[in-house]
Amino acid sequence: MRPIHELQPWLEDEENRLRSRLREAQTLQEIQEIRAAFLGKKGVLTAELKTLRARPPEERKEAGRVLNQYKARWEQLIGERRSQLEAQAASSFDPTLPGRPYRLGHDHPLWLTLEEILDIFVGMGFEEVVGPLVEWERYNFEALNIPRHHPARDMQSSFFITDRMLLRTHTSPVQIRVMESRKPPLRVVSPGRVFRVDEFDPTHAPAFFQMEGLYVDREVSFAHLKGTLVRFLQRFFGENVEVRFLPSYFPFTEPSAEVAIRWKGEWLEVLGCGMVHPHVFEAVGLDPERWTGYAFGLGIDRFAMIRYGIPDIRLFYQGDLRFLRQFR
Ligand code: DAH
């Protein structure tokens, strides 16, 4: 027990400590804690009050008076600081301030490009269809007139899952699925991811995006193909874009062509196309004497790279926000 003559100086010290803690307190929560430490059930002053009974009777009255005097003053000090903080909190809320900016995400540049291309074809009467990423060898190769030992398979080295199943190397198998499951006339486009065993370098990625197109009807001609693709390229790259068709080879089209555009003075190949090969019609049970059609395939990544001047395909797949945030 504290000698009676030390009681007052001790209370003075404690009060100084209380005042400085109150000055530093910034939240009502802190005020609560301070009150508990000084006046709560386990507070310093409460502990001292509990020793009153043990004091000799002649000290008891004086000690009680002093302790209660401090107790009342401390309650008051704490109450004042609490009101101050409450007033501050109330006045620091300004309902007229604008809200905090909230960072919204946005579509990926590849997705933006895909949607733009899709919109153009849908506007011309094509319907969007999707096919599976894991594909039968028959759909990815055989039915597209690419037999097992055909060298064209080397151009698309593949990720096989079993010896009959693989990650599709192009979107062309969707042509087969659509012709097998529906009756012509057909006008479809099919965007999606494709996979090839390739280095990940500025112009190659092991997974990238393509869009396939297929048009099947009576008496479809190369002129229809040309008109549709030129119109599409004008819509995407600008009305004045120069377009060039060059003879090419694909197993599933005959004749086949590569299409290039003139962009910043350079000819850039942008897609492959051709008239649906009779073998492909036969593979899906359509009579090549009755039906005609054209098909085309394009790389979404390549379209995005040309359009936005992106030098490295890997930027699409690295998730670097400094890159992505430029496309809002
Ligand atoms: N499937 C071809 C590829 O991935 C692209 C292609 C070329 C698709 C010509 C077609 C086409 O439909 O007619 O390289």
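In the residue classes used here, Ala, Val, Leu, Ile, Met, Phe, Trp, Tyr, Cys and Pro count as nonpolar, Asp, Glu, Lys and Arg as charged, and the others, Gly among them, as polar. Keep that in mind as we explore this predicted model.

**Exercise 1.** Sort the lining of the largest cavity by residue class.

*Solution.*
- Step 1: Begin with the cavity itself, which has a volume of about 30 Å³.
- Step 2: List its lining: Val174, Gln175, Val188, Val189, Ser190, Glu212 and Leu214.
- Step 3: Apply the classes, and you get 4 nonpolar, 2 polar and 1 charged residues.

**Exercise 2.** Find which elements give two or more residues to that lining.

*Solution.*
- Step 1: Look along the chain for α7 (173–181), β4 (186–195) and β5, the elements that meet this condition.
- Step 2: Pick out β4, whose 3 residues make up the largest share.

**Exercise 3.** Describe the surroundings of the ligand.

*Solution.*
- Step 1: Locate the ligand in the largest pocket.
- Step 2: Collect the 16 residues around the ligand, where His170, Ser172, Arg196, Gln210 and Glu212 are the closest.
- Step 3: Class this shell as 5 nonpolar, 9 polar and 2 charged residues.
- Step 4: Note the strands β5 (207–217), β8 (266–276) and β9 (292–299), each of which supplies at least two residues of the shell.

**Exercise 4.** Trace polar contacts to oxygen atoms of the ligand.

*Solution.*
- Step 1: Try a side chain: a polar atom of Arg196 lies 2.9 Å from a ligand oxygen.
- Step 2: Turn to the backbone, where a polar atom of Ala295 is 3.1 Å from a ligand oxygen.
- Step 3: Add Phe296, with a backbone N or O atom at 3.3 Å from a ligand oxygen.
- Step 4: Finish with coverage: on its own the ligand has 350 Å² of accessible area, and the protein covers 92% of it.

Note on methods: Residues numbered from 1 in each chain as written. Predicted model: local features only at pLDDT ≥ 70, side-chain atom pairs only at ≥ 80, totals over all residues. Heavy atoms only, no water. Near = heavy atom within 4 Å. Polar contact = N/O pair within 3.5 Å; in protein donor to acceptor, adjacent residues only side chain to side chain. Areas by Shrake-Rupley, 256 points an atom, 1.4 Å probe, with all protein chains shown as cover. 1 Å grid on protein atoms, 1.4 Å probe; cavity = no way out; pocket = protein on both sides within 12 Å on 5 of 7 lines; lining within 4 Å. Sits in = over half its atoms within 2 Å of the grid points. Helix = DSSP H or I, 4+ residues; strand = E, 2+ residues; numbered from the N terminus. Points joined across faces, edges and corners; volume = space filled by probe spheres on them.
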